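Biologist: Could you take me through the aromatic rings in this model? I'd love one close look at how they pair up.

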Amino acid sequence: MISLVNLNTFHINSSCKELIQIKKIEDIISFKERNIKDYYILGGGSNILLLDSIENVILKNELKGIQLLHQNNDNVILRIASGENWHDTVIYCINNNWCGIENLALIPGTVGGAPVQNIGAYGVEIKDFIYAVHGIDLVSGKEKTYLPTECQFAYRSSIFKTDLKNSFSSQRLN
Ligand SMILES: Cc1cc2nc3c(=O)[nH]c(=O)nc-3n(C[C@H](O)[C@H](O)[C@H](O)COP(=O)(O)OP(=O)(O)OC[C@H]3O[C@@H](n4cnc5c(N)ncnc54)[C@H](O)[C@@H]3O)c2cc1C
């Protein structure tokens with residue numbers, strides 16, 4: 001069994017039979033080809049409570065990278081891999097003098113976890129800063145992009161937490 005004690009914020013001494021680290025897109029494709037039905041996507045493990053022993057395969061998101069896609073005097077569009085640490089991403093923006101999401105600093109977790117429950121704090125919600133959520137449909141194996149109007153964002157909720165829970169693996173946010 002593989003310990004998950006350091007992969008969840010509350011350090012619950014949980015373990016699983018198999019842990020797959022997703023470090024590149026091909027890792028998701030390879031996982032999909034194995035046709036495993038019982039799996040769970042893990043980000044930073046800050047919004048979950050784990051059981052002592054987990055039968056499911058755990059997909060640990062470790063996709064990294066930030067790209068600047070567009071910048072003018074008013075706007076910046078970044079492409080951020082979903083395994084990036086959320087707080088570090090906020091600090092990265094602050095250090096570049098890109099303002100907007102600074103109220104969301106110190107929220108634990110990954111970038112990919114952020115749209116799942118539409119993270120928010122001090123009157124700011126991530127839904128107002130998302131250009132698109134890009135990922136892989138784990139049922140069809142195809143890439144898919146969701147525009148904000150398709151994400152069903154609501155208070156601490158989205159389509160990724162409801163209809164698409166555990167069936168869509170976000171890779172990056174634009
Ligand atoms: C001390 C503390 C303070 C917090 N403060 C706030 C706050 O102020 N505001 C707020 O909104 N939340 C807050 N949270 C909740 C939490 O930080 C957020 O919900 C965070 O976005 C979870 O991200 P994560 O990567 O840890 O997700 P996880 O806990 O790993 O996963 C949460 C859910 O998202 C799914 N998921 C994660 N990544 C992906 C992905 N790439 N693709 C598809 N599904 C995915 C998982 O399967 C799971 O269902 C707080 C939590 C803690 C422990």
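Modeller: Sure, here is a walk through the ring pairs and what sits beside them. Keep in mind that this is a predicted model, so local features need pLDDT of at least 70 and side-chain atom pairs need 80 or more, while totals for chains, interfaces and linings use all residues. Residues are numbered from 1 along each chain as its sequence is written, and side-chain values use heavy atoms, with hydrogens and water left out.

Let's start with the count: there are five aromatic pairs (rings of Phe, Tyr and Trp, taking the six-membered ring of Trp, with centres within 6.5 Å; planes under 30 degrees apart are stacked, over 60 edge-to-face, the rest tilted). One of them joins Phe31 and Tyr39, with 5.2 Å from centre to centre and 80° between the planes, which makes the pair edge-to-face. Are these two residues buried or exposed? Phe31 has a relative accessible area of 3%, so it is buried (under 20% is buried, over 50% exposed, and in between partly exposed, using a 1.4 Å probe and protein chains only). Tyr39 comes out at 10%, so Tyr39 is buried too.

Now look at Tyr146 and Phe168. Their ring centres are 5.0 Å apart and their planes meet at 85°, so this pair is edge-to-face as well. What makes it fun is where the partners come from: Tyr146 belongs to strand S12 (residues 143–146) and Phe168 to strand S13, so to speak two distant parts of the chain, 22 residues apart (strands are DSSP runs of E, at least two residues, numbered from the N terminus). Phe168 has a relative accessible area of 7%, so Phe168 is buried. Tyr146 has 9%, so it counts as buried.

These two rings have company. Ring pairs link Tyr146, Phe160 and Phe168 into a cluster, so when you find Tyr146 on screen, look for Phe160 and Phe168 as well. Tyr146 also has a charge to deal with: the charged end of Lys144 sits over the Tyr146 ring, 4.7 Å from the ring centre (NZ of Lys or CZ of Arg must be within 6 Å of the centre and within 35 degrees of the ring normal).

Put together, Tyr146 is a good place to zoom in. Tyr146 is a buried residue, its ring meets Phe168 edge-to-face, it belongs to the cluster with Phe160 and Phe168, and the charged end of Lys144 sits over its ring.

Technical notes:
Helices (H or I, at least four residues) and strands (E, at least two) are DSSP runs, numbered from the N terminus.
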